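Student: I have a structure open at the bench and would like to understand it piece by piece. Could we go through it together?
Tutor: Gladly! Let's look at it first.

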Amino acid sequence: MVNIIGLGYIGLPTALMLASHGVEVVGTDYNKELVATLNAGYTTFKEDGLDELFHDAIKAGIKFTTEYQVTDTYIISVPTPYDKKFKTVDASYVVAGVKAALEVAPENATIVIESTISPGTIDKYVRPVVDGQEKHVSLVHAPERIIPGNMVYELLHNNRTIGADDPVIGEKIKGIYSSFCQGEITVTDIRTAEMTKVVENTFRDINIAFANELAKICREGGMDVYEIIRIANQHPRVNILSPGPGVGGHCISVDPWFLVGDYPGLANIILQARKINDGMPRYVIHRISQIMREEDLKDVRRVGVYGLTYKENVDDIRESPTLQMLERMNDALSGGMVQVYDPFVEKDVVPNQWHELNGFLNSVDMVVIMVGHDEIKGQFEKLKDKTVLDTRHIYTGKCYHL
Ligand code: SAJ
């Protein structure tokens, strides 16, 4: 039996996937409310295909509880919050999860850590806890790679990495993930697995920063960045990502800082990329002011910001470029408050937040598309009388770009 500890964005889909592929699974979370919701038959966040998977797993006998189980395999997928000021990861939830597992784990059990951690975290914070007790317990790091918005498909099809001290244990854990994972699974050591995960997200951050820098250069030089990237990408060895209003989410905007923090002086491109991407929300404010002047729009309250989430078709607002922009907007746009709307965000998180598209659009003259949700793609005719700044290059009508 596998005991999954932490039933959030990664733990829940992983637990459901294992259970629906014949593995006996108990999901444990200390949040009683979350466990009660799952036991009442409801998932806790929106994701394509998650509800179907949930029903398959229930049929297969998955259990949800607040109790830690006595078993030979634990998978820890708890949050690793990030300290914005010191750019470091807080491993305390991981350590607490490991300690909880150790209390009940039998001799020779394996503890797998799925949570994203900075390279060296296991040696520094987890290993001392495991080594400091009598029982022999093996450690494994199996970082997740799935992308919010396409989690179910990617769980099934992505390649995976498993880092273990002992290759035999690595192979055993590979066997468990192979129950559902159709991709290739590479077994390596723990440090390599930790580093690889961070490198993957850093690669993407640098590529996006390059696209953002090109957008600014092309604006200055009067060139169309999207056409240039489209043509450049026809080269067989070029694959430039898309410019945008910034990089949000809990991964790409966070992981590269681990390398900057641990290797100051060596992580130079990485640091510049972070600065460029973090500067994009401010650049969008600058574009809004420019366009307002050009169009003779005077009232900031009649500017509407479409999209609050960190990217399209998800309900996650962590580190979202829109939130970063709104924080800075007050002073930059002479104190006025823009209107804001996102179809995926039901709770009120910012002032002047609308919960209905038509009302939002009626209250504004200018729309800034910050997120390319499918919702707006299906209703572009509603924007035809507006001044539009499209930061995502999705709008088909006449508009401004980054
Ligand atoms: N973005 C751009 N331009 C692009 C692509 C993305 O501006 O061309 C922005 C998005 O709008 C968003 C941010 O970057 O604000 C990050 O979004 P994303 O879709 O690129 O990635 P995440 O953060 O949702 O998921 C990433 C993935 N990592 C990689 O692709 C290397 C995912 O596979 C990881 O599992 C996840 O991080 C994680 O948990 O580490």
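**Salt bridges, ligand and sheet**

Student: How many salt bridges does a search of the whole structure find?
Tutor: Keep in mind that this is a predicted model. A salt bridge here needs a side-chain nitrogen of Lys or Arg within 4 Å of a carboxyl oxygen of Asp or Glu. Searching the whole structure on that basis, the number of salt bridges found is 13.

Student: Let's take one inside a helix. Which residue forms a salt bridge with Arg-230?
Tutor: The closest N and O atoms of this pair are 3.1 Å apart. Both residues belong to helix α9 (residues 225-232), and because they are 3 residues apart there, about one helical turn separates them. Arg-230 is partly exposed at 46% relative accessible area, and its partner is also partly exposed, at 34%. That partner is Glu-227.

Student: Now the pair Arg-274 and Asp-278: is Arg-274 buried or exposed?
Tutor: These two residues form a salt bridge with their closest N and O atoms 3.0 Å apart. They sit 4 residues apart in helix α11 (residues 268-294), about one turn of the helix. Asp-278 is partly exposed, with a relative accessible area of 27%. Arg-274 has a relative accessible area of 0%, and since buried means under 20%, Arg-274 is buried.

Student: What about Arg-302 and Asp-365: how many residues apart are they?
Tutor: Their side chains meet in a salt bridge, 2.9 Å from N to O. The pair links distant parts of the chain: Arg-302 is in the loop between α11 and β11 (303-306), while Asp-365 is in the loop between α13 (357-362) and β14 (366-369). Arg-302 is partly exposed at 31% relative accessible area, and Asp-365 is partly exposed at 31%. Along the chain, the distance between them is 63 residues.

Student: Let's move to the ligand. Which residue has a side-chain N or O atom 2.6 Å from an oxygen atom of the ligand?
Tutor: There are 20 residues around the ligand, and those that come nearest are Glu-144, Arg-145, Lys-197, Arg-204 and Tyr-310. Two other contacts with ligand oxygen atoms are each 2.7 Å: one from a polar backbone atom of Ile-146, the other from a polar side-chain atom of Arg-392. The residue with the 2.6 Å contact is Glu-144.

Student: How much of the ligand's accessible area does the protein cover?
Tutor: Start from the ligand on its own, which has 770 Å² of accessible area. The shell around the ligand is made up of 9 nonpolar, 4 polar and 7 charged residues. Of the ligand's accessible area, the protein covers 89%.

Student: On to the sheet. Which are its edge strands?
Tutor: This is an open sheet of 5 strands with parallel pairing, in the order β13-β12-β11-β14-β15. An edge strand pairs on one side only. Reading the order from end to end, the edge strands are β13 (353-354) and β15 (387-390).

Student: And which residue in β14 stands opposite Gly-304?
Tutor: In general, strands of a sheet pair through backbone hydrogen bonds, either parallel or antiparallel. β11 and β14 pair in the parallel sense, over 4 bridges. Standing opposite Gly-304 in β14 is Val-367.

Technical notes
Residues numbered from 1 in each chain as written. Predicted model: local features only at pLDDT ≥ 70, side-chain atom pairs only at ≥ 80, totals over all residues. Heavy atoms only, no water. Near = heavy atom within 4 Å. Polar contact = N/O pair within 3.5 Å; in protein donor to acceptor, adjacent residues only side chain to side chain. Areas by Shrake-Rupley, 256 points an atom, 1.4 Å probe, with all protein chains shown as cover. Nonpolar A, V, L, I, M, F, W, Y, C, P; charged D, E, K, R; others polar. Helix = DSSP H or I, 4+ residues; strand = E, 2+ residues; numbered from the N terminus. Buried < 20%, exposed > 50% of the residue type's maximum accessible area, 1.4 Å probe, protein only. Pairing = 2+ DSSP bridges.
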